[in-house]
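Walk me through how the strands and helices of this chain are arranged. Start with how two helices cross, then move on to the sheets and the loops.

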Amino acid sequence: MSKPVTFGLIGGGWRAEFYVRVARALPERFRIAGCVAKTIATRARIQADWNLPVFDDPEALLKERPDFLVTSVPWAVSGPLLVELAAQNVPVLAETPPAADLAGLNALWQRLPAAARVQVAEQYAFQPLHAARLAFVRAGTLGAISQVQVSVAHGYHGVSLIRKFLDLGCENAVVRAFAFTSPVTAGPTRSGPPAEDRRIESRQVIATFQFGEKLAIFDFTADQYFSWIRSGRLLVRGERGEINNLEARYLSDFRTPLRVGFERQDTGQAGNLEGYYHAGYTAGGAWWYRNPFVPGRLSDDEIAIATCLESMGRYVETGQAFYSVAEAAQDHYLSLLIDEAVQSGNPVESTAQSWG
């Protein structure tokens, strides 16, 4: 068995804990060399709650010889930290996005050394259901894809899926957007289930992207992440078929329509004794996604993060990129244009940036 991917963690917040859970669930695959945190209180909490070695600066962590570092820090800190680590030729997996605004994205790109070994942990395309649908699309069953409607994630996360399903790079787009506010019963948050019955105002953002002859519709409200009553939706349309959430319709020939469903395969149910874990997704009698981390008991998002970690380990060894700073910058740039279009009420058009 090959040695586990060993990484160091910079940051001790909510998102950083996902990496800790992945490493705990899969100790034969991943090991955390230690964690850097800014304050004494955070370092004490990490040591007590996560049982990890703690350090007050990256230099001390690097003495533990991790394969790479994961930076899970605020936007304002991320860019300068990436430049500092890249200047030392330290491989880095950065949380999304790598900078807060367009000026920061361009400044980061211009300051990063040409040989910088940096990838970004954009995990949504690696979540099992999205991965299965992407595999189905890439098999060509739906023909050329001309439209995608994404209502599963905010900002740059949603845009990353748009670009993946439409197979886009840094093509320019015309963006139109508006916001709509409506009441909704408050649901769970990061802190847990609701403590009382109350109404809140839910802000929904709807945007269209016209990439030449390709169209994308972005539709999201932050409630969807935790809500029990606001579900995600995804539609992908090609010349020979479409995927609508869990169903695909397509033509085997021009007179023969077929319909298949994406079925989640989990073990440990109805008397199955293999243990409880996610196995993958099938549709039409074929596997479109197989979970490479069985039998680890991970949520879909944790499986996606494990995929980022494994991909980063491969990148350090081979140079095979999986989500570059340029991709991350483009996705965040387009998400910033959504905000601009909402605020102005006018269409805005993307332009070539330094990373493009």
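Is the crossing of H7 and H9 right-handed or left-handed? The crossing is right-handed. Keep in mind that this is a predicted model.

The geometry of that crossing comes first. Helix H7 covers residues 155–166, and its axis lies 8 Å from that of H9. The two helices pack at an angle of about 115 degrees. That makes H7 roughly perpendicular to H9, since angles of 65 to 115 degrees fall in that class. On the H7 side, the contact uses Gly155, Tyr156, Val159, Ser160, Arg163 and Lys164. These meet Glu327, Gln330, Asp331, His332, Leu334, Ser335 and Ile338 in H9. By class, the residues of this contact divide into four nonpolar, five polar and four charged.

H9 has another helix partner. Helix H5 spans residues 102–111, and its axis comes within 10 Å of the H9 axis. The two axes cross at roughly 165 degrees. H5 and H9 are therefore roughly antiparallel to each other. Here the crossing is left-handed. Leu102, Leu105, Leu108 and Trp109 in H5 meet a set of H9 residues: Val325, Ala326, Ala329, His332, Tyr333 and Leu336. This contact has nine nonpolar residues, one polar residue and no charged residues. His332 of H9 appears in the contact with H5 and also in the contact with H7.

Now turn to the sheet beside H9. Nine strands form an open sheet, in the order E14-E13-E12-E11-E7-E10-E9-E8-E18. The pairing is mixed. Strand E14 (256–261) and strand E18 (348–349) stand at the edges. Each has a single partner strand, so one side of each is left without a neighbour in the sheet. Helix H9 (residues 325–344) packs on this sheet. H9 touches strand E8 (174–185), strand E9 (199–211), strand E10 (214–221) and E18. The direction of H9 makes about 75 degrees with that of E8.

Individual pairings fill in the picture. Strands of a sheet pair through backbone hydrogen bonds, either parallel or antiparallel. Begin at the E18 edge. E8 and E18 pair in the antiparallel sense over two bridges. Val175 has Val348 in E18 as its bridge partner. E8 also pairs with E9, again antiparallel, over twelve bridges. There Thr185 stands opposite Arg199 in E9.

Further along the order, strand E7 (residues 145–151) pairs with strand E11 (residues 233–238). This pairing is antiparallel and runs over six bridges. Gln149 stands opposite Leu235 in E11. Towards the E14 edge, strand E13 (residues 247–253) and E14 pair in the antiparallel sense over six bridges. A hairpin of two residues joins E13 to E14. Leu251 has Pro257 in E14 as its bridge partner.

There is also an open sheet of three strands, in the order E15-E16-E17, with antiparallel pairing. E15 and E17 stand at its edges. Each has a single partner strand, so one side of each is left without a neighbour in the sheet. Neighbouring strands of this sheet are turned by 30 degrees against each other on average, direction ignored. Strand E16 (residues 278–283) and E17 pair over four bridges. Thr282 has Trp287 in E17 as its bridge partner. Helix H6 lies across E16 and E17, running at about 135 degrees to E17.

H6 also takes part in an aromatic pair. The structure holds twelve aromatic pairs. In one of them, Phe136 and Phe262 meet edge-to-face, with 5.4 Å centre to centre and 70 degrees between the planes. This pair links distant parts of the chain. Phe136 sits in helix H6 (residues 128–138), and Phe262 sits in the loop between E14 and strand E15 (263–266). The two residues are 126 residues apart.

Two backbone details remain. Most residues other than glycine have a negative phi, and most peptide bonds are trans. Where do the exceptions fall? A cis peptide bond joins Val294 and Pro295, with omega about 10 degrees. Pro295 lies in the loop between strand E17 (286–290) and helix H8 (300–318). Arg65 has a positive phi, near 60 degrees. Its place is the loop between helix H3 (58–62) and strand E4 (68–71).

Note on methods: Residues are numbered from 1 along each chain as its sequence is written. This is a predicted model: local features need pLDDT of at least 70, side-chain atom pairs count only at pLDDT 80 or more; totals for chains, interfaces and linings use all residues. Side-chain values use heavy atoms; hydrogens and water are left out. Two strands pair if DSSP finds at least two bridges between them. Contact means heavy atoms within 4.5 Å. Axes are lines fitted to C-alpha atoms, for helices over the stretch in contact, and angles run from 0 to 180 degrees between N-to-C directions. Angles under 35 degrees count as roughly parallel, over 145 as roughly antiparallel, 65 to 115 as roughly perpendicular and the rest as oblique. A crossing is left-handed if the near helix is turned anticlockwise from the far one by less than a right angle, and right-handed if clockwise. Ala, Val, Leu, Ile, Met, Phe, Trp, Tyr, Cys and Pro count as nonpolar, Asp, Glu, Lys and Arg as charged, and the others, Gly among them, as polar. Rings of Phe, Tyr and Trp (its six-membered ring) pair if their centres lie within 6.5 Å; planes under 30 degrees apart count as stacked, over 60 as edge-to-face and the rest as tilted.
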